[in-house]
Amino acid sequence: MQDVKAAAAVGTERKTATFRKRLWSQRELILMSFPLVALVILFAYVPIWGWTMAFQQYRPGKSIFDQEWVGFDQFKFLFEDEIFLQVLRNTLAMSVINMVLGFVTAILLALMLNEVKQKFTKRFIQTVSYLPHFLSWIIVTGIVATSLSIEDGIVNDVLMRLGLISEPILWLGTPKYFWGIVGASHVWKEVGWNTIIYLAAITSIDPSLYEAAEMDGANRYRKIYHITLPGIRPIIVILLIMNLGHILEAGFEVQYLLGNGQVIDYSQTIDIFVLKYGLRIGNYSLATAAGMFKTVISIILLFAANNIAKRLGEERLI
Amino acid sequence: MGVNVKKSAMLSMATVLTLGTVLVACSDKKDEETKPGTENATTTDSQQNTETTAETVKPLTISVFYGVQGPIPNENNKIYKKIKDELGVTLKEEFLVGDIEQKLGVMIAGGDYPDIITANPKLVAAGAMQPLEDLIEQHAPRLKEHYAKVWEQMKDPEDGHIYWLPNYGVYQGDYVTTWYSGPAFWIQKAVLKEFGYPKPKTLDEYFDLIEKYKEKYPEIDGQPTIGFTTLAYDWRKWPLINVPAHLSGHPNDGIVVVDHETNVAKAFFATDIDKPYYKKLNEMNAKGLIDKEAFAQNYDQYQAKISSGRVLGMFDQHWNFNNAETALTDAGKIERTYLGIPIVYDESIKDYYLDRPALNLNNGFGITKDAKDPVAILKFFDTLLDEKWMKVLQWGIEGEDYLVDENGKFYLNEQMRANFNNADWKASNVAQSLHEYMPKLQGQYSDGNAAQGAGFQPDEFFAAQKDFDKEVYAAYGAKLPSDLFSPPPENRVSYPAWSIDLIEGSPAKIANTKMEELALKHLPKIIMSKPENFESAWEDYVKAMSKVDVKAYEDRINEQLKWRAETWTSSNGSFE
Amino acid sequence: MNTVKKRFGLEPVIFNTVNYFLLLCVLVVTLYPFLNTIAVSLNEGLDTTRGGIYLWPREFTWKNYESVFNSGHLFQAAWISVARTIAGTVLSVFFTSMLAYVLSRPEYMFKKSVTIIVVLTMYFSAGLIPSYFLIKDLHMLNTFWVYIIPGMISAFNMIVVRTYIHGLPEALVESAKIDGAGEFRTFISIILPLCMPVLATVSLFVAVGQWNSWFDTFIYAPKQSLSTLQYELMKLLNNTMNAGTGNAAQAAGVNQGGRDSAAGMVTPLSIRAAITIVAALPIIMVYPFMQRYFVTGMQLGGVKG
């Protein structure tokens, strides 16, 4: 017994000693990171006491201790509303559509641009394609609505001329088109912007790899498939994991601006619901409750995706 | 973040609008401005208040927060300068930029308030406001006299204190209307002219005209004629959902109709009150008279359509499509502008579109607990309520901004009219937002001129009309557009129901949101369904509505209507 | 060599044709909204109400821009915007990539816990009011630093930079260490220069975010002297929208449709377009500038080899 204890003590001591040693040897890394981590904790984690609002009927102007505590009422209100499932479905659907379309189009565009050899042309197209990012959603949705109009919208016009439809389609008044329109609008506005990160990643690919492949007689597609794509795979995987965590963030500006009574069953997202039944009618707590719900889901998905990536031997987030 | 924030700000403003106040549209006036830094007003001690209390106003800086986004005055605004020079008062104004809920949330959380602020129930609930009733009684004789008739109405239903100074709804002399900015069924003047200026009274007659005209002219300027359009976008949803109250002869109480005798409110969504209207629209849709895109269009598209001149009619508040109408006139298509007509369900119903403005409760300025000298602030507003100052704020400077004829009537020349149409000019020469929110005179001054400025002076208004319009009004034996409406009776004591505070986060407020949501979702389906499917679509609507706690909403409204009827009647008398 | 050429003789032509055609489509589709906004911004406001403005103004006017530039504090606010964009970008990119470097070191003992702490910040928000209290307690309300410090470490950018560093050959760091360089030295003199493409990318992200931000001004720094360009433009836009409805009665009442005065009217639609262009043009210029750094990664091949 004594021996074991002594051994354990020595072990602990040794462990502590190694720990100290490591601490000392990594002092520079620690010095470089801890102040920054402190900053993150201060500005992101400290105010988290605000989450107590989710369990209150928060009234501005009263201190946190004078608030009325309502337990899980806010969550009940959220989950028990009959349209909550519908709202959740819409959020997930639009967010998945946006994510898939967003990834595919941005990567494709990056690959296509990478094949353009004239530097000026490449930069010009690149720059132009990211312009819509700087327009607000209200402007973009305005143009979308005009283009889809049955009066003189260009989309109906083109489809009619091509003989694909016999009479104009009321795009924005038809529920089944709504998710697609939102997805397409996102692509339109953000594809160029999303491409930037891939173009940056492509620059890190060792040019000698291409030369070697050419020697081996690889054609252009093979080079794209075997060199370029694997070269940007880590960043694709990382972005995918990060975005999976945002799956309940389908936003609400687009849906709000393009939506109307006719498509409300497909356009309403969690955020719109919270805005309508929370902030706008003076219930601050509902937004906090919904935010907590989203955070929990995000973190679960994030760790799950990260684990899968780990098993597949891909780049990991954590 | 940007847009959402703004969106909800618009919404809060919109609740007021949607629920029907027309008053927002009646602003007129002069401008204000922010002068940070110039705290020490070198005052020429104001002997200006000739006939007032002997006390003069001391140099004073008042910080103001407006819960709206403008209009923002220029730095060198002449009215502000005059106020500063003559009264020694400098206004440090701040306007809302993002969302009012967020801004107030932060302001209340931080406990840091300006001296005066525009009304919001949240501020009272947070204990941020000073009770004003005693201070007014003791120090502000003009304000006291001004509000005497409505004194009891101004008191908070919960604690009986007065926190806000209502900015509209207190009249001197006769109530005058000129331009009609409120709700109506609008019809193109060309349609009326075509058929020799008939005056439709019922829905059937109204749509008959539209149908006949559309048959005769299937195209206008080379594009298909649109019989009737509507709008249900964002917060501008009244063109679709507020109509049945008016058709059934009720004034604008929001989404309820209130029995004039019993003072009992009933929500009219999915009832027999609104059914006939949507049935009619359903039939008209089958005939191809309703704009297919009506329920999917945004506000810009709606305006563009109207200003193309091919929409024959719609229900709306006038100010909402005023820009489109101006664009029509501007393009030389004045006959494509609109005349508002008070349509009702049947001949036996007397129209009640035009109403007497009620006291604008929960509006105007209040003084916060951070204000160091509330008495001086009240005295400042008391002084501005003097006719001399009201003329400065409402008409401007005599000779510069308006002229006086030999009978003492105020009028404008062409240049002056143009000025009042020019936003840039107004930013430097009118204290617009200050006047909008301060206690003010409406109706007539003691000399008979219209308070609130040129737009409210009937002769001046008539003089500014185009010949074609004069001709159209004359065809109806009218001089002004508002003459086509029945003169408004005295308001019900508890009028209007839309100004009732539903209490934030309460079941009544949730029910209100749900009801509107269901209406916006079901009505388009109902209107666009085949006539044989109308009944089943309507049934769906009724069924969906039955799941909503409409009673919670009606109960809150009725409780307050009753309270108003009791409290307001009894005390009105005591002051008169 | 000859056979290779033969085999792929026609193929690159087809590939390039298809590629250029598709890129042309992208070009047209993404250029349109911007050109349309410019056209609207140069068109007379009331006329814009009628719709149908596509690529060219119908009734040309500078009026919309005039009223944007006439609004008071624009130039001072632009100066604050430039200052916060430069300071914010430099500091944020430097510290974020420093943290990324530390977290890319496989031997770092707090790697995992620190990564989790930082990454999670992307997925929750404490809410406006508690954050406001924090800023207030730190006495940062109405200070320039409120624009820079709270968001200085961006989890997203940190991960992007870290991923890029992972792609660099580990041998570089090792050899630096053997030469006796400390971690900080290694970071400054080896890693940073090699990271130019990704630094250019995250700088763009931060700069655009800083430039476009107005919400922090709204909540934390309402003081006029700290106002930013975006905030002033937002104020102007709101003001126009408000004037549009609020004064309709007045305008119409006094002079219903008087031709001379109605023309030259500024409407929310046209002012929004002008504001968008004024706000976007300066920051759009940043990207073409950054693009030069997108090729420097090529030099890496030499280092690696």
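**Close-up 1. Polar contacts between chain B and chain A.** In this predicted model, 12 residue pairs, both partners at pLDDT 80 or more, make polar contact between chain B and chain A. On the chain B side, the helices that each put at least two residues up against chain A are α1 (2–18), α3 (100–110), α12 (299–307) and α21 (507–528). The largest share comes from α21(B), with nine residues. Sort the chain B residues that touch chain A by type and you get 15 charged, 13 nonpolar and seven polar.

**Close-up 2. A salt bridge across the interface.** Here Glu517(B) pairs up with Lys276(A), and their closest N and O atoms sit 3.0 Å apart. Salt bridges across the interface of chain B and chain A number four.

**Close-up 3. The whole contact between the chains.** Chain A brings 36 residues to the contact and chain B brings 35. Together, chain B and chain A bury about 3200 Å² between them. Carbon and sulfur atoms account for 57% of that area.

**Close-up 4. The largest nonpolar core.** This one runs to 299 residues. The residues with the most contacts inside the core come from both chains: Tyr198(A), plus Phe185(B), Phe228(B) and Tyr277(B). As for helices, α8 of chain A (residues 175–202) is the one that gives the most to the core, chipping in 14 residues.

**Close-up 5. Another core, set apart.** Apart from the largest nonpolar core lies another one, made up of 61 residues. Its members include Ile72(B), Val170(B), Phe381(B) and Val430(B).

Technical notes: Residues are numbered from 1 along each chain as its sequence is written. Chains are lettered from A and ligands numbered from 1 in the order in which they are written. This is a predicted model: local features need pLDDT of at least 70, side-chain atom pairs count only at pLDDT 80 or more; totals for chains, interfaces and linings use all residues. Side-chain values use heavy atoms; hydrogens and water are left out. Contact means heavy atoms within 4.5 Å. Buried area is the accessible area (1.4 Å probe) that two parts lose on being put together, summed over both. A salt bridge is a side-chain nitrogen of Lys or Arg within 4 Å of a carboxyl oxygen of Asp or Glu. A polar contact is a pair of N or O atoms within 3.5 Å; within protein, one must be able to donate a hydrogen and the other to accept it, and residues adjacent in sequence count only if both atoms are side-chain atoms. Helices (H or I, at least four residues) and strands (E, at least two) are DSSP runs, numbered from the N terminus. Ala, Val, Leu, Ile, Met, Phe, Trp, Tyr, Cys and Pro count as nonpolar, Asp, Glu, Lys and Arg as charged, and the others, Gly among them, as polar. A nonpolar core is a set of buried Ala, Val, Leu, Ile, Met, Phe, Trp, Tyr and Cys residues joined through side-chain atoms within 4.5 Å. Buried means under 20% relative accessible area, exposed over 50%, partly exposed in between (1.4 Å probe, protein chains only).
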